[in-house]
Amino acid sequence: MPFKALVLFSVFFLSALATMEAGAQLGPPPEGKKALSSAYTGKTYSPYAERTFPSQVFWGDTHLHTDLSFDAGAFGNRLGLDDAYRFARGEEVTSSTGLQVRLSRPLDFLVVSDHSDNMGFFPDLIAGDRNLLSDPQVKEWYDRIQQGEGVDVALELIGLFSQGELPDTAMYTPDTKPFRSAWQKTVEAAEKYNDPGNFTAFVGFEWTSLIKGDNMHRVVIFRDGGAKAGQIVPYTTTPPFGSPNPRDLWKWLESYEDKTNGEVLAIPHNGNLSNGIMFPMDSQYDGTALDETYVTSRSIWEPLYEATQIKGDGEAHPFLSSEDEFADYETWDVGNLDLSQAKSNDMLAGEYAREALKRGLALDAELGTNPYKFGMIGSTDSHTSLATAQEDNFFGKHVGYEPKPDRMSHPMMKAGGRTLEGWQLAASGLAAVWAPENNREALFDAMERKEVYGTTGSRMVVRFFGGWNFTDADLENRQPGFVGYEKGVPMGADLPPSTEAKAPTFMVFALRDPIGGNLDRIQIVKGWMETDGGLFGSGGKLHEKVYDVAWSGDREPGPDGKLPPVGNTVDVEKANWTNSIGAPELGAVWTDPDFDPNQRAFYYARVIEIPTPRWSTYDAVRFGVDISKGAPTATQERAYTSPIWYTPRQ
Amino acid sequence: MVVPFVILTTMGTTLYAPDSRACGYHDPSHVAAGVLNWIYPNALYVRTAVWRAQDSGILPKRTKKARDLFAYQRMASRLQRLGQRLGPAKPGGAAPSFSAVLIDSILWSRFVPSSEGYRVEVHAKGPGPGDVVLVTDGRVVQALSDGSLDATRAEDYGLIRFYGPAADQRKVRRLLASALRVASEPTGESASVADRSPGQ
């Protein structure tokens with residue numbers, strides 16, 4: 001070997017040897033060292049290496065119906081489980097009315113929640129299922145449908161079912177093979193499309209309790225896959241296999257967990273069509289008094305609530321929250337679910353999230369458990385198999401309201417002199433879940449601990465923490481999660497006890513939807529209960545107050561304490577807007593100025609966007625029609641975080 | 001026990017007396033259209049095709065008009081006119097009968113051949129036995145009956161969908177293509193019509 005080459009080789013070899021030896025000398029970080037330096041408190045150089053808190057928000061719909069649902073099928077939905085999942089994952093599909101449709105961005109998770117009652121019946125009937133047609137009466141119905149009498153037959157079926165006079169063959173009850181087959185399809189589809197790390201498909205169904213037309217529905221979601229969820233069939237509302245009473249649903253949920261060692265939860269439907277029975281204060285709809293069993297069971301099995309969806313918003317009502325200028329948002333307050341009973345003001349307190357959260361404080365004091373200690377999410381309840389909640393991409397509640405020129409002017413529902421117009425449908429909502437990763441277990445666990453929030457369709461990112469020591473300097477951290485989890489608790493949690501006599505502090509931060517409107521403001525909504533002398537006195541008066549804690553621009557509250565509106569850039573003629581007002585991000589550290597350590601309280605953040613065009617305005621432009629009388633031309637999308645609760649120390 | 005009833009009524013079905021549920025001029029019903037979408041797969045595509053055709057000028061633009069109290073009578077008259085345009089059935093020929101349902105009103109009509117011409121039974125209960133079924137829309141019927149749209153083009157734009165055995169569909173398609181041309185074009189039997197695939 002030439003000398004020069006030998007030297008070079010030696011240098012190289014020796015360097016490599018030195019490096020290996022140096023590498024061998026690198027041991028684990030010294031024990032006991034709490035931080036790298038006084039200026040940086042992380043234990044490792046990479047702040048993310050030992051991060052254990054949820055750092056991603058995942059977007060989904062917890063309430064979607066396919067053609068397996070009796071009503072969705074009856075209204076013409078021809079899209080099944082596969083189409084629903086493909087669409088949610090971001091693929092383009094053809095709607096039941098022949099329109100190509102695609103989400104602006106894929107969802108991260110989906111719960112297909114078809115109605116358990118008579119699940120799968122409608123497609124089987126129309127397909128002429130042999131087993132069904134073995135019954136002469138069903139065969140006659142089938143023949144008549146083929147001959148053009150479909151409506152008459154559908155309504156006859158309904159009438160007979162309601163009187164319990166359907167032939168046994170036509171009753172798709174949990175003990176029948178067709179019902180089990182429909183459930184099996186549901187479970188298999190969820191397994192097929194579940195892709196941990198990329199897309200989560202939950203197994204689920206909707207328990208469709210209706211009490212004389214008053215909506216008491218719950219969506220049931222399983223943490224588990226087919227191995228466990230496939231061992232059961234969904235609970236229905238019809239005896240003997242089911243019941244419309246939520247107490248019985250909770251027993252069923254418990255029996256599922258006992259049998260399979262799995263986990264399951266239930267999410268009550270938006271209560272705005274329950275005519276007051278969704279959140280009882282003293283007794284249930286059947287007169288049964290609220291007791292320890294009720295409050296305990298509800299608090300265990302229903303950690304979340306659907307605060308907003310296509311059939312209106314359920315966060316607050318102007319009658320209940322007269323000081324809140326944002327309380328009248330997509331309000332449906334005409335009657336119950338089928339409009340058979342009119343709504344009266346005394347019913348409202350049993351329907352809306354904010355009031356329910358307040359009621360929960362009182363029940364906690366009285367009965368020892370808060371049954372309405374729920375986190376908030378949004379979802380669609382779409383019956384088209386298409387989870388669309390964005391204003392410029394709204395495919396309606398059912399197939400009859402997929403895009404067409406007259407959909408906003410066609411009455412949605414009419415009964416007893418009461419009407420809900422087509423334009424009153426809301427393009428809403430979505431569920432946002434803070435979780436470390438996208439899989440069933442992580443998302444479900446986040447739902448259980450209520451680290452979730454709901455939006456009316458936008459994908460704004462919101463962080464909300466409560467503690468005792470947040471300061472304005474904490475806002476300087478571009479990743480509020482680090483300081484949030486270190487110094488406080490996230491949304492959905494309880495404030496830890498404080499050893500000092502001071503007011504709690506809250507840190508809230510919001511980023512606008514990248515393709516959406518800027519932010520108008522962030523508010524913190526506080527609800528609390530007066531005490532009647534003792535620390536845990538029951539019967540104290542309930543209160544609420546909305547605080548503006550962060551807002552865009554240099555607006556100042558007026559003499560009435562109210563912040564002036566942010567303005568409106570919506571161009572109705574073009575269905576467009578500009579982000580020349582508002583702010584792309586807002587944050588605040590806020591200390592409760594009215595804190596009383598002896599009073600139970602909750603706090604949640606509400607983030608409000610600047611006005612952007614409503615779906616009805618997009619329709620007007622795209623179809624060249626007038627906006628229906630009464631329809632708003634713009635909407636201010638919003639997010640509702642799960643609350644943080646404060647309970648006085650004993 | 002009232003669950004499915006309420007489920008359906010929650011979705012906006014307006015319940016009237018049985019007779020008036022039969023067609024949509026007296027009671028538009030989403031359930032009727034929905035059931036139709038099952039029996040005749042993708043029948044609701046016609047609904048979308050209609051507004052697209054209005055936007056592109058194939059059909060007259062949408063106009064704001066007051067509710068027409070005589071809408072049913074006008075449509076019945078247009079359907080009769082269509083029947084007249086079909087002309088008399090050839091003696092000994094296998095002139096097909098067919099049924100048509102309008103997706104906007106769920107109005108059924110039967111077209112039955114006779115030596116004096118097609119007899120049109122408006123407001124039929126449903127399709128006739130063995131009939132090819134056409135799903136279309138009242139606005140399409142209007143355009144066909146006044147000669148501003150021909151049947152071939154209507155099908156090309158998804159404004160008519162055919163259902164039934166392929167061979168029977170071809171017969172009806174040929175009949176309509178021959179008889180229902182645009183008003184300025186010559187009518188008659190001289191035009192040849194290429195076979196098309198079934199509409200569904």
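Reader: What makes up domain 1, domain 2 and domain 3 of chain A?

Author: Happy to start there, with the reminder that this is a predicted model. The domain assignment gives domain 1 as 57-119 + 172-435, domain 2 as 121-168 and domain 3 as 460-646. The C-alpha centres of domain 2 and domain 3 of chain A lie 51 Å apart.

Reader: How do you know that the radius of gyration of chain A agrees with that of a compact globule?

Author: The rule is 2.2 Å times the number of residues to the power 0.38. For 650 residues that puts a compact globule near 26 Å, and chain A has 27 Å, so the two agree. Along the principal axes, the C-alpha atoms of chain A fill a box of roughly 100 × 80 × 55 Å.

Reader: What makes a residue count as buried, and what share of chain A is buried?

Author: A buried residue has 20 or more other C-beta atoms within 10 Å of its own. In chain A, 52% of the 650 residues are buried.

Reader: Why are β14(A) and β15(A) called paired strands?

Author: Pairing takes at least two bridges. Strand β14 (residues 411-415) and strand β15 (residues 418-421) of chain A have 4 bridges, in the antiparallel sense, so they count as paired. Within this pair, Lys414(A) stands opposite Thr419(A). The hairpin has 2 residues between the strands, and Gly416(A) takes a positive phi near 55°.

Reader: How do you know that β11(A) and β12(A) pair, and which strands are the edges of their sheet?

Author: Strand β11 (residues 304-309) of chain A is joined to β12(A) by 2 bridges, running antiparallel; at least two are needed, so the pair qualifies. Gln309(A) stands opposite Gly312(A) in β12(A). The open sheet has 3 strands in the order β12-β11-β13 of chain A, with mixed pairing. Its edge strands are β12 (312-313) and β13 (375-378), each of which pairs on one side only.

Reader: What is the confidence picture for chain B?

Author: Chain B averages a pLDDT of 79, and 74% of its residues score at least 70. Among its elements, helix α2 (residues 18-21) of chain B has the lowest mean pLDDT, 28, while strand β5 (residues 161-163) of chain B has the highest, 97. Residues 1-28 of chain B stay under 50, although the model has 77 contacts for them beyond four places in sequence. Residues 187-200 of chain B are also below 50, with 21 contacts beyond near neighbours in sequence. Where pLDDT is low, the predicted coordinates should not be read in detail.

Reader: What ipTM and pTM does the predictor give the complex?

Author: The ipTM is 0.88 and the pTM is 0.90.

Terms used:
Residues are numbered from 1 along each chain as its sequence is written. Chains are lettered from A and ligands numbered from 1 in the order in which they are written. This is a predicted model: local features need pLDDT of at least 70, side-chain atom pairs count only at pLDDT 80 or more; totals for chains, interfaces and linings use all residues. A residue is buried if 20 or more other C-beta atoms lie within 10 Å of its own, exposed if 12 or fewer, and partly exposed in between; C-beta atoms are placed from the backbone. Domain bounds come from an automatic or database domain assignment. pLDDT is the predictor's confidence in each residue, from 0 to 100. Two residues are in contact if their C-beta atoms, placed from the backbone, lie within 7 Å.
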